[in-house]
Amino acid sequence: MTKNASPSIFRPTASPLTMTILVFSGASVMCVASAIDPLRAANRVVGKTVFDWTLVSPDGRPAMTTSGIPVATDRFDPAAEADVLIAIGGFGTRNEATAALVTGFRRAAKAASAYGGIEAGSWLLGRTGLLEGRAATTHWEDLEDFAASFPGCDVRPDRYVIDGPVFTAGGASPTFDLMLHLIRSRLGMAVALDVASVFIYDQARAATDAQPLVSLGRLDGYDPRLAQAIRLMESHVDRPLPVSAIARRAGITARTLETIFASAIGETPGAYYLRLRLNVARRLVLDTAEPMADIAARTGFSSASAFSRAFSNAFGQAPVRMRKR
């Protein structure tokens, strides 16, 4: 029996679990913390080391997070034994996987019981071929490109996905949920609740909930009509709906929708919708090499020139100039 055929790591057991966590520069410090801090707390709650991890980077130098906080690491050794192998990355990670790293990660994953990708760390799993025939997710901003790059993978917009030995998470909050699920599966609900209490953390979403383009936080509980309107906007970025159509689907008049937006957000629905689309466009301008005409189409503009004018008005410079800078 190969090690990958061994029982799932998500099962009741008090046996220690060893992890190698590969951190790329450009990762979010929140993703790193969401991966390891719940495990640290679980060790404290149980009173012994049930989770043991080693942080590594491709070259052994500290991984610089997006907030400028370095993460001390050892050098990644594909031959090092571990039950679980995890890659944590941010935007740009998709381009940092060298042939040697891909080969080494594949070798280490095949010797492990489980392997995962957090946020853009999923791209490394995709490059190794480990997602072929598997379900997986990545950060919502990358989902479309990720699906196009790995057609053999069942790409889902879920917060996190577990498929056999593979697990993937879309960002920091889903990663915390995933680690709580791991703790609950292995050590029971009581320990998981104690860990959540350490961080005063309420798990309000299921794994299969779609990652939102806009994180509404507690707005969902204050006015469901506002939440519904924003969800409609984010699901129609490429083909914007008229405000009247959004109001009609929310079961209210356009005037009422304007009042709700003015009270909660301080701007009109139309202005918010445009800003939402332009924020998506800015991410595509800065973090991808897509042609401007394609970005314009993906964010609902009738032409590249109309997109450029709106972008310049919003951000003070043309998208081409922003990319060059």
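Select E144, D145, E290 and R298 to begin: a network of salt bridges links these four residues. A salt bridge here is a side-chain nitrogen of Lys or Arg within 4 Å of a carboxyl oxygen of Asp or Glu. By this rule, the count comes to twelve salt bridges.

The model is a predicted one, in which local features need pLDDT of at least 70 and side-chain atom pairs count only at pLDDT 80 or more, while totals for chains, interfaces and linings use all residues. Residues are numbered from 1 along each chain as its sequence is written, and side-chain values use heavy atoms, with hydrogens and water left out.

Next, select D59 and R61. Their side chains form a salt bridge, with 3.0 Å from N to O. Are these residues buried or exposed? The terms depend on relative accessible area: buried is under 20%, exposed is over 50%, and partly exposed is in between (1.4 Å probe, protein chains only). D59 is partly exposed because its relative accessible area is 34%, whereas R61 has 57% and therefore counts as exposed.

Move on to D154 and R156. A salt bridge joins these side chains too, at 2.9 Å from N to O. D154 has a relative accessible area of 37%, so D154 is partly exposed. R156 is also partly exposed, with a value of 34%.

Now select E267 and R275. What is the N to O distance in the salt bridge between their side chains? The distance is 2.4 Å. E267 is partly exposed because its relative accessible area is 23%; R275, with 37%, is partly exposed as well.

Leave the salt bridges and select V45, V46 and V198. Together they make a nonpolar surface patch of about 170 Å². Patches are made of residues with over 30% relative accessible area and no salt bridge; like charges are joined within 9 Å, and nonpolar side chains (Val, Leu, Ile, Met, Phe, Trp, Tyr) within 5 Å. Accessible areas come from the Shrake-Rupley method with a 1.4 Å probe, and for residues only the protein chains shown count as cover.

Stay on V45, which lies in helix α1, residues 29-46. Helices (H or I, at least four residues) and strands (E, at least two) are DSSP runs, numbered from the N terminus. V45 has a relative accessibility of 32%, so V45 counts as partly exposed.

Finish at D294, in helix α12, which covers residues 292-298. D294 is partly exposed, with a relative accessible area of 38%. Add A304 to the selection: A304 and D294 are ten residues apart along the chain, and their C-alpha atoms are separated by 8.3 Å.
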